[in-house]
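Me: I would like a close look at a single part of this model, the helices that pack against one another in one of its chains, followed by whatever surroundings help to place that part. Please take it slowly and keep it connected.

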Amino acid sequence: MKIKKGFELREVCGEHIIVAYGRENIDFNKVISLNESATYLWKNIVDKEFSAEMMADLLQQEYDVDADTATRDAKALFDEWMKVGLVEG
Amino acid sequence: MKNAIKRLTRALLTPLRKRYQKRNGIVSNQYRHELPNDAWLGEVSQMLREGKPYAIYVKGYSMRPFIEHTRDRVFLERRDSYCVGDAVLAQIAPGHYVLHRIIEKHADHLTLQGDGNLDQVEYCREQDVSGVVTQYIRPRRIIPADDPKLVRRIRLWRRLRPIRRYLLFIYKALV
């Protein structure tokens, strides 16, 4: 899986938000706000192939969290990004 | 007296208003996350200058009747130059942005006015413009900015500026 072309992380007024630019994303009418851990994951998986397992590993590397919690949270975030339409592949 | 006239006009236009709202998908959505306008438009302006065209929701009533508050989005793209009639995102003062239409151009000096404004105008240089509206995105359709019918309507609206106050009064009663 990969982040779709045209989706970018930007910082506005202290908030990290995902915007979708370009004609191919003209129908995407959302602005997605990321918390600190989601921002960390985004910065580490953008422009790369990734999976929920990879996201869980990244969380465990950066945060003091057990494997089950990291896996559950990473899967939930991954599914949310799929549902919203940020991910392709 | 003014409120009574407004209420009466609204009541008389109710059947038309309901038809207009149904056709144009006017809804209110309480689940909106809003960023400070100027900060957000500043970021959008930066994206346009980076060559990244972007669609934004429009906030405010100054571009009525062509762009409706929170209902419509506009797709903005950067251009090398802009013309009279273009709806543009421009910085008119440090950190202050508007999405208004160019009504006059002399060399690189632009005069802007919102379609829904009566007298207020803004001035800026062409270099202060970040991008132009190339598509009007409404709930049920996307209208290119160079659509001949839309262009004719915009020209007619500019010519009807002397009676714009009354036309907007009727439009507000419909919406």
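Reply: What follows begins with the packed helices and then moves outward to the core, the other chain and its loops.

The model is a predicted one, and every value below is to be read in that light. Two packed helices are described by the angle between their axes and the distance between the axes. In chain A, helix α1 (residues 36-45) packs on α2(A) at an angle of about 120°, and the two axes are 10 Å apart. Because angles of 65 to 115 degrees count as roughly perpendicular and only those over 145 as roughly antiparallel, this value makes α1(A) oblique to α2(A). The crossing in which α1(A) passes α2(A) is right-handed. On the α1(A) side the contact is made by S37(A), Y40(A), L41(A), N44(A) and I45(A), and on the α2(A) side by M54(A), M55(A), L58(A), L59(A) and E62(A). Sorted by class, this contact has 7 nonpolar, 2 polar and 1 charged residues.

Helix α2 of chain A, which spans residues 52-62, also packs with helix α3 (residues 67-84) of chain A, here at an angle of about 130° with the axes 8 Å apart. That angle makes α2(A) oblique to α3(A), and the crossing of α2(A) and α3(A) is right-handed. From α2(A) the contact draws on A52(A), M55(A), A56(A), L59(A) and Q60(A), while α3(A) supplies A67(A), A70(A), T71(A), D73(A), A74(A), K75(A), L77(A) and F78(A). The classes in the contact of α2(A) with α3(A) come to 9 nonpolar, 2 polar and 2 charged residues. M55(A) and L59(A) are among the residues of α2(A) that meet α1(A), and M55(A) and L59(A) are likewise among those that meet α3(A).

M55(A) leads on to the interior of the model. In soluble globular proteins, nonpolar side chains tend to be buried together. The largest nonpolar core here has 51 residues, and those with the most contacts inside it are M55(A), Y54(B), V74(B), L76(B), L89(B) and A90(B). The contact between the two chains takes 10 residues from chain A and 14 residues from chain B. On the side of chain A that touches chain B, the residues divide into 5 nonpolar, 3 polar and 2 charged.

Chain B has a secondary structure of 5 helices and 8 strands, and from the N terminus on its elements run α-α-α-β-β-β-β-β-β-β-β-α-α. Buried residues make up 26% of the 175 residues in chain B. Of the contacts in chain B with a separation of 6 or more, 54% are between residues 24 or more positions apart. L76(B), named above for its contacts in the core, touches L48(B), P53(B), Y54(B), I56(B), L89(B), G131(B), V132(B) and V133(B), once its neighbours within four places in sequence are left aside. L112(B), placed in strand β5 (residues 109-113) of chain B, counts as buried because it has 24 C-beta neighbours inside 10 Å. Residues up to four places away in sequence apart, L112(B) is in contact with A90(B), V98(B), H100(B), R101(B), I102(B), I103(B), V121(B), E122(B) and C124(B).

The loops hold some backbone details. Most residues other than glycine have a negative phi, and most peptide bonds are trans. The peptide bond from R64(B) to P65(B), however, is cis, with omega near 5°, and P65(B) is found in the loop between β1 (54-57) and β2 (73-77) of chain B. T70(B) is found in the loop between β1 and β2 of chain B; its phi is near 60°, a positive value in a residue other than glycine, and with 15 C-beta neighbours inside 10 Å T70(B) counts as partly exposed. In chain A, C13(A) has a positive phi of about 55° although it is not a glycine. C13(A) lies in the loop between β2 (7-12) and β3 (15-20) of chain A, and C13(A) is exposed, with 11 other C-beta atoms within 10 Å. Lastly, N117(B), in the loop between β5 and β6 (122-125) of chain B, is partly exposed with 18 C-beta neighbours inside 10 Å, and its C-alpha atom is separated by 8.5 Å from that of R164(B), 47 residues apart along the chain.

Note on methods
Residues numbered from 1 in each chain as written. Chains lettered and ligands numbered in written order. Predicted model: local features only at pLDDT ≥ 70, side-chain atom pairs only at ≥ 80, totals over all residues. Helix = DSSP H or I, 4+ residues; strand = E, 2+ residues; numbered from the N terminus. Buried ≥ 20, exposed ≤ 12 C-beta atoms within 10 Å, placed from the backbone. Contact = placed C-beta atoms within 7 Å. Nonpolar A, V, L, I, M, F, W, Y, C, P; charged D, E, K, R; others polar. Axes fitted to C-alpha atoms, helices over the stretch in contact; angles between N-to-C directions. Parallel < 35°, antiparallel > 145°, perpendicular 65-115°, else oblique. Left-handed = near helix turned anticlockwise from the far one by under 90°. Core = buried A, V, L, I, M, F, W, Y, C linked by C-beta atoms within 7 Å.
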